[in-house]
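Subject: Structure handover

Hello,

Here is the structure I promised to pass on. Please open it and keep it beside this note as you read.

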Amino acid sequence: MNGSAADRLRRLRWWLTALFTVLNAAGLVVFAWLFVRTDAQRGEQELDGELRRVTSTVTRLIQYDGALITTYVNEDELNTSCPQFAILPGGTEEFTPHFSQRTCVPLDAALLRGLAAESVRSGRLLNGYVRSTDGELVRVGVEPFRNASGQYIGAVVAAADTAREQDRHNRVTLLVIGGCLLLVVAVGAAGHLLSGRAIRPAATALEQQEVLLAETAHDLRTPVAALRALAETALDNPTQRADLLPRTVQLAARMGSIIDGLLIRARLAAGVEQLAIQPVWLDQLVSTVVEETPTEGAQVTVTAAPTKVNADPTLVQRAIGNLLDNALRHGRRPGDPAVVHITVAGGRVMVADHGPGIDAAVARESFDRFSSGGGSSGLGLAIVRWVAQAHGGMLRVYNAEEGGAIFELVLPTAES
């Protein structure tokens with residue numbers, strides 16, 4: 001699979017989102033099918049209840065004494081309303097059939113007789129669907145009735161048009177389908193957010209590792225190349241070895257410092273080590289760093305007021321050393337020695353140089369690992385910013401009005 005580990009992890013997020021969505025969609029489909037099926041059954045039960053009301057009422061109103069007497073049926077409002085019904089013979093005794101006065105759905109008479117005969121034979125209620133003469137679906141209910149001897153001789157067949165119920169059921173089905181689609185979209189979005197939250201720590205850790213490796217390669221490339229050049233020169237010119245040895249030691253020390261800084265950052269970012277936060281006199285720490293740093297002819301001045309901060313002294317010392325080293329290397333004009341002024345007050349360390357300054361776009365944005373003006377790009381400043389952020393502080397970078405760059409390290413102050 002192409003791409004970095006972080007990219008693969010992001011693709012995994014999409015796979016997890018798809019899996020989460022598909023599983024939930026399957027559950028919603030099952031739920032929707034059960035709901036639609038239950039709604040259809042409920043509709044049938046309502047139709048059967050209406051048909052049962054008609055057949056049971058008619059069977060109580062009819063009389064049979066060798067002939068069918070429908071006087072009371074003709075007087076009832078059921079005879080002129082829907083659902084329509086028919087009183088039909090279905091046994092050995094024949095009588096004149098009776099049909100309700102209102103025809104709600106056109107049905108074949110032979111079909112109705114067959115239903116009556118089947119109900120009489122089974123001696124039980126029948127419910128089902130039949131087709132009308134114009135092909136529409138019709139729900140029927142058939143209830144047999146007895147003569148004075150207790151024998152089933154005929155049945156009342158009631159029929160109801162299902163068009164209205166079908167329309168209602170179709171609307172419910174469409175609403176369910178639409179709701180399920182909306183839920184699938186919502187579930188997919190929620191799954192994407194949840195998977196993103198679950199994967200974010202791992203993705204962040206992978207990105208940090210990749211950045212760390214890139215920074216290591218970037219900052220070691222120059223000293224390694226210089227070290228190789230010194231070694232090759234020493235091999236080709238044995239008489240210069242004494243002069244080249246101190247430079248070799250300096251390069252090795254620089255490489256060791258770079259590696260130490262990367263290891264400290266990596267271990268703290270991974271949680272292997274914790275910040276050793278304690279009250280630190282920032283002015284004294286800065287003075288110590290300045291005294292221990294070789295200036296090589298540069299002019300370094302310090303203006304400090306007593307200020308105490310809550311910080312890890314080792315990391316802060318490294319951050320200030322990196323700021324000073326950056327100013328000494330890049331804070332000068334061509335042909336002139338470096339001039340650096342450090343101000344310490346109120347939990348702030350401002351390192352001002354007299355170099356070419358920095359790019360305005362960089363000053364407006366948060367300081368980036370690989371972008372700065374005047375050649376002041378490097379891991380050292382990236383570590384300074386990281387140390388500031390790890391302490392809950394910040395690193396500001398801007399140009400002075402009289403020229404040169406100012407790096408301002410802000411740390412949380414400690415209560416006296």
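Below is what was found, grouped by region.

Bear in mind that this is a predicted model.

**The nonpolar cores**

The largest nonpolar core has 36 residues. Seven of them touch the most other members: Leu282, Val286, Ile320, Leu323, Ile342, Val349 and Leu409. Several elements give two or more residues each: helices α6 (282-292), α7 (313-330) and α9 (379-390), along with strands β10 (308-311), β11 (339-345), β12 (348-353), β13 (394-399) and β14 (405-410). The most comes from α7, which supplies eight residues. There is also a second, separate core of 17 residues, with Leu51, Leu78, Ile87 and Phe95 among them.

Take Leu282 as a way into the largest core. Leaving aside residues up to four places away in sequence, Leu282 touches Thr307, Val309, Val316, Ile320, Val344, Gly347, Arg348, Val349 and Leu411.

**Helix α7**

How does the length of α7 compare with what its 18 residues should span? At 1.5 Å a residue the expected figure is 26 Å, and the end C-alpha atoms lie 25 Å apart, so the two agree. At the start of the helix, a side-chain oxygen of Asp312 comes to within 3.1 Å of the backbone nitrogen of Thr314.

The buried residues in α7 are Leu315, Val316, Ala319, Ile320, Gly321, Asn322, Leu323, Leu324, Asn326, Ala327 and Leu328. When you look at that list, remember that an α-helix has 3.6 residues a turn, so residues three or four places apart point the same way.

Arg318 also sits in α7. Its relative accessibility is 22%, so Arg318 counts as partly exposed, given that buried means under 20%. Arg318 and Val387 are 69 residues apart in sequence, yet their C-alpha atoms are 9.0 Å apart in space.

**Strands β9, β11 and β12**

Strand β11 has two faces. Val340, Ile342 and Val344 point to one face and are buried. Val339, His341, Thr343 and Ala345 point to the other and are not buried.

β11 pairs with β9 (residues 299-304). These two run parallel and are joined by six bridges. Thr301 has His341 of β11 as its bridge partner.

β11 also pairs with β12, in the antiparallel sense, again over six bridges. Val344 stands opposite Val349 of β12. The two strands make a hairpin with two residues between them. In that turn, Gly346 has a positive phi of about 60°.

**Strands β13 and β14**

β13 and β14 run antiparallel and are joined by six bridges. Met394 faces Val410 of β14. This hairpin has five residues between its strands. Gly403 takes a positive phi there, near 110°.

**The disulfide and its surroundings**

Which cysteines form the disulfide? Cys82 and Cys104 do, with the sulfur atoms 1.6 Å apart. The structure holds one disulfide. The link is left-handed, with -100° about the S-S bond.

The pair joins distant parts of the chain, 22 residues apart. Cys82 lies in the loop between α2 (71-75) and β3 (84-89). Cys104 lies in the loop between β4 (98-99) and α3 (109-122).

Are these cysteines buried or exposed? Cys82 has a relative accessibility of 35%, so Cys82 counts as partly exposed. Cys104 counts as partly exposed too, at 23%. Cys180, by contrast, is buried, with a relative accessible area of 12%.

One more point at Cys82: the peptide bond from Cys82 to Pro83 is cis, with omega near 5°. Pro83 is in the loop between α2 and β3.

**Asn147**

Asn147 is in the loop between β6 (137-146) and β7 (152-161). Is Asn147 buried or exposed? Its relative accessibility is 11%, so Asn147 counts as buried. The side chains of Asn147 and Glu93 share a polar contact of 3.0 Å. Setting aside residues up to four places away in sequence, Asn147 touches Tyr64, Glu93 and Ile153.

Best wishes

How values were computed:
Residues are numbered from 1 along each chain as its sequence is written. This is a predicted model: local features need pLDDT of at least 70, side-chain atom pairs count only at pLDDT 80 or more; totals for chains, interfaces and linings use all residues. Side-chain values use heavy atoms; hydrogens and water are left out. A nonpolar core is a set of buried Ala, Val, Leu, Ile, Met, Phe, Trp, Tyr and Cys residues joined through side-chain atoms within 4.5 Å. Buried means under 20% relative accessible area, exposed over 50%, partly exposed in between (1.4 Å probe, protein chains only). Helices (H or I, at least four residues) and strands (E, at least two) are DSSP runs, numbered from the N terminus. Contact means heavy atoms within 4.5 Å. A disulfide is a pair of cysteine sulfur atoms within 2.5 Å. A polar contact is a pair of N or O atoms within 3.5 Å; within protein, one must be able to donate a hydrogen and the other to accept it, and residues adjacent in sequence count only if both atoms are side-chain atoms. The expected span of a helix is 1.5 Å times one less than its number of residues. Two strands pair if DSSP finds at least two bridges between them.
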